[in-house]
Amino acid sequence: MDDKDSDTTDPKLISSYLRSDALADGVLVDVTETAREAGFLLPVALTRAAWDLCMALSPAAERAGNDERGRLWDVLWMLRSAIGRSRGSDGSEIRVELLCVTQCVRPSRVTLRSVVGPGDDEQPVLTVMLPEES
């Protein structure tokens with residue numbers, strides 16, 4: 001192996017955006033502490049869009065008596081249950097459907113997608129997002 005092969009820099013790389021950057025910028029919301037309480041072993045984050053839709057309290061959610069911690073716990077529990085039911089798959093991507101109070105007090109069906117991938121240090125992390133997000 002020559003020196004050229006051992007160089008880890010990519011001359012075509014213009015910039016990089018790490019998971020830690022996304023967490024610091026608020027693009028991702030770290031929910032690892034609550035996820036650990038729900039039985040998750042990996043660090044877990046939600047995209048801002050998933051958070052805003054399913055966790056943040058809309059006026060309708062407040063009228064329905066919801067709170068952020070309860071909504072988060074519900075999403076994590078439903079996700080954990082879906083992961084448990086998917087034992088036959090590789091588990092790297094799981095979709096879960098749940099009922100969530102969004103714009104009206106009557107709950108609507110929401111689909112979330114969870115993806116396991118490498119974090120900043122190449123250790124596995126779980127990210128929960130809307131189906132159209134990547």
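**Sheet pairing, the β4–β5 hairpin and the second largest pocket**

In the predicted model, V44 has L126 in β5 as its bridge partner. The strands concerned, β2 and β5, run parallel and are joined by 3 bridges. They belong to an open sheet of 5 strands with mixed pairing, in which the strand order is β1-β2-β5-β4-β3. The edge positions are taken by β1 (28–30) and β3 (93–100); each has a single partner strand, so one side of each lacks a neighbour in the sheet. From one strand to the next, the twist averages 30 degrees.

On its other pairing, β5 runs antiparallel to β4, and 6 bridges join the two strands. Within this pairing, S114 is matched with V128 in β5, and P118 stands opposite P124 in β5. The two strands form a hairpin with 5 residues between them. In the turn, E122 has a positive phi of about 70 degrees. Of the 6 residues of β5, 5 are buried, so this strand is largely enclosed by the rest of the structure.

Helix α6 (residues 68–85) packs on the sheet, with contacts to β2 (44–47), β3, β4 and β5. The direction of α6 makes about 135 degrees with that of β3.

The loop between β3 and β4 contains T102. With a relative accessible area of 11%, T102 falls under the 20% limit for a buried residue. Apart from neighbours within four places in sequence, the contacts of T102 are L53, S58, A60, S108 and V110. The C-alpha atom of T102 is separated by 8.6 Å from that of P59, although the two residues are 43 residues apart along the chain.

The hairpin strands also contribute to the second largest pocket, which holds about 210 Å³ of space. This pocket is lined by 16 residues, of which R19, L28, P118, V125 and T127 are the closest to its centre. Two or more lining residues come from each of α2 (19–25), β4 (108–118) and β5 (124–129). The contribution of β4, at 4 residues, is the most from any element. By class, the lining comprises 9 nonpolar, 5 polar and 2 charged residues. P118 thus appears both opposite P124 in the hairpin pairing and among the residues closest to the pocket centre.

Conventions:
Residues numbered from 1 in each chain as written. Predicted model: local features only at pLDDT ≥ 70, side-chain atom pairs only at ≥ 80, totals over all residues. Heavy atoms only, no water. 1 Å grid on protein atoms, 1.4 Å probe; cavity = no way out; pocket = protein on both sides within 12 Å on 5 of 7 lines; lining within 4 Å. Points joined across faces, edges and corners; volume = space filled by probe spheres on them. Nonpolar A, V, L, I, M, F, W, Y, C, P; charged D, E, K, R; others polar. Pairing = 2+ DSSP bridges. Axes fitted to C-alpha atoms, helices over the stretch in contact; angles between N-to-C directions. Contact = heavy atoms within 4.5 Å. Buried < 20%, exposed > 50% of the residue type's maximum accessible area, 1.4 Å probe, protein only.
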